[in-house]
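Biologist: I am new to this one. Show it to me, and let me ask how each label was earned.

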Amino acid sequence: MEGKIIKGIGGFYYVKTKEEVIECKARGKFRHKDMKPMVGDNVIINVSNGKGVIEDILERSSELIRPTVANVTQAFVVFAIKNPDINFDLLNRFLILCEHNNIKSIVCLNKEDLATNEEKEEVKKKINDIGYDVLFINAKKAIGIELLKERLESEVTVLCGPSGAGKSTLINTLIDRSHMETGAVSDKIGRGKHTTRHSELIEIENGYLVDSPGFSNIDISFIDKDELRYCFPEFEEYNHNCKFRGCIHNKEPQCAVKAAVEEGKINEYRYSFYIRILEELLDGRKNKW
Ligand SMILES: Nc1nc2c(ncn2[C@@H]2O[C@H](COP(=O)(O)OP(=O)(O)OP(=O)(O)O)[C@@H](O)[C@H]2O)c(=O)[nH]1
Ligand SMILES: [Mg+2]
Ligand SMILES: [Zn+2]
């Protein structure tokens, strides 16, 4: 029988089949292989006497590490306009992570009630400049969420973003009931009180939602230095026009990406961000050697 793991607790996996949710154990073989079942996995199970065993894991289309979820197809990247303030480096890291995992992303700026129109215009421009659309929402009052609701159809959607941004509030609003714990942002650390910890798939009409704990930092050091340039969609049309094949747009001469930055076709902040991440990756490599 085929199903999807929607939750994992204490060595048990809860597998949703067409009819029901079945508590399953994983077969021992997964311990020896480097492959452990993950929430989101599509699996083949064997059921006898109401007890299930996971026999096989089907190929994953994507694999997120934090939260640990397989087969996510899109991300709502949720940041608050204020309280806590937007950390642009962190936003860019989320976007890179989505690109790296081949996950579509929609940038949702929550708590629109806390910002003036001028402030909204300013951030909108900043984010548009790096090539992404922005959706202003108020998760608490369900304002601006129609488009998000439409986009849920047939997708496994993860909500990611910093702590206190309103991810859990948005999930509760999207599913129209209280499912996730939410909490006030503590004044001292700007972090939500009830930080979301476990990962589970929340079933919706025709798809799944995944909440995630808020992150204040994201490790992207596992990305290959030669792959990083493909995580910047705006580089795409220039990536192969550089003089040197395999140009990583750093110190190489006659680089099409650098030329595009100079001509104002690629945002300067994004390029300098790219270089900073690249240096991080190069440094990491040095340390490993
Ligand atoms: N003013 C305002 N407050 C909001 C809005 N959405 C959420 N909040 C508040 O922001 C706080 C944090 O919300 P959560 O949903 O817990 O945030 P989270 O992103 O899930 O936080 P973590 O689980 O810690 O990662 C709560 O006090 C919410 O009531 C909004 O649109 N406007
Ligand atoms: Mg939460
Ligand atoms: Zn180049």
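Modeller: Start with a cysteine in this predicted model. Cys-98 has a relative accessible area of 5%.

Biologist: What makes Cys-98 buried?

Modeller: Buried means under 20% relative accessible area. Cys-98 has 5%, so Cys-98 counts as buried. Cys-24 is buried too, with a relative accessible area of 0%.

Biologist: How do you know that Cys-98 is in no disulfide?

Modeller: A disulfide needs two cysteine sulfur atoms within 2.5 Å. The nearest cysteine sulfur to Cys-98 is that of Cys-160, and it is 5.0 Å away. That exceeds the cut-off, so Cys-98 is in no disulfide. The structure as a whole holds zero disulfides.

Biologist: Which residues are the protein donors of the zinc ion (ligand 3), and what makes them donors?

Modeller: They are Cys-242 (SG), Cys-247 (SG), His-249 (ND1) and Cys-255 (SG). A donor here is an N, O or S atom within 2.8 Å of the metal. These atoms lie 2.1 to 2.4 Å from the zinc ion, so they qualify. Along the chain their spacing is C-x4-C-x1-H-x5-C. Cys-242 and Cys-247 are both buried.

Biologist: Why is the arrangement around the zinc ion (ligand 3) called tetrahedral?

Modeller: With four donors, all angles must lie between 85 and 135 degrees. The angles here are 102 to 116 degrees, so the arrangement is tetrahedral.

Biologist: Now the open sheet. What makes strand 10 and strand 12 its edges?

Modeller: The sheet has six strands in the order 10-9-8-11-13-12, with mixed pairing. Strand 10 (134–136) and strand 12 (201–204) each have a single partner strand, so one side of each lacks a neighbour in the sheet. From one strand to the next, the twist averages 25 degrees.

Biologist: How do you know that strand 9 and strand 10 pair?

Modeller: Pairing requires at least two bridges. Strand 9 (residues 104–110) and strand 10 have three bridges, so they pair, in the parallel sense. Leu-109 stands opposite Phe-136 in strand 10. Helix 3 (residues 117–129) packs on the sheet and touches both strand 9 and strand 10. The direction of helix 3 makes about 155 degrees with that of strand 10.

Biologist: What joins strand 8 to strand 9?

Modeller: Seven bridges do, and the two strands run parallel. Val-77 has Val-107 in strand 9 as its bridge partner.

Biologist: Why is strand 8 called mostly covered?

Modeller: Seven of its seven residues are buried. Gln-74, Phe-76, Val-78 and Ala-80 point one way, while Ala-75, Val-77 and Phe-79 point the other way. In a regular strand, side chains alternate between the two faces of the sheet.

Biologist: What makes helix 5 largely enclosed?

Modeller: Eight of the nine residues of helix 5 (residues 167–175) are buried, so the rest of the structure largely encloses it. Its buried residues pack against strand 8, helix 4 (146–151), strand 11, strand 12 and strand 13 (207–210). Asp-176 follows helix 5, with a positive phi near 65 degrees.

Biologist: And the barrel: which strands form it, and in what order?

Modeller: Five strands close the barrel, running 1-2-3-5-4 with mixed pairing. Its neighbouring strands are turned by 55 degrees against each other on average, direction ignored. Strand 2 (residues 12–16) and strand 3 (residues 21–26) run antiparallel and are joined by four bridges. Lys-16 has Val-21 in strand 3 as its bridge partner.

Key:
Residues numbered from 1 in each chain as written. Chains lettered and ligands numbered in written order. Predicted model: local features only at pLDDT ≥ 70, side-chain atom pairs only at ≥ 80, totals over all residues. Heavy atoms only, no water. Donors = N, O, S within 2.8 Å, 3.2 Å for Na, K, Ca; no water. Tetrahedral: all angles 85-135°; square planar, octahedral: opposite > 155°, others 65-115°. Buried < 20%, exposed > 50% of the residue type's maximum accessible area, 1.4 Å probe, protein only. Axes fitted to C-alpha atoms, helices over the stretch in contact; angles between N-to-C directions. Contact = heavy atoms within 4.5 Å.
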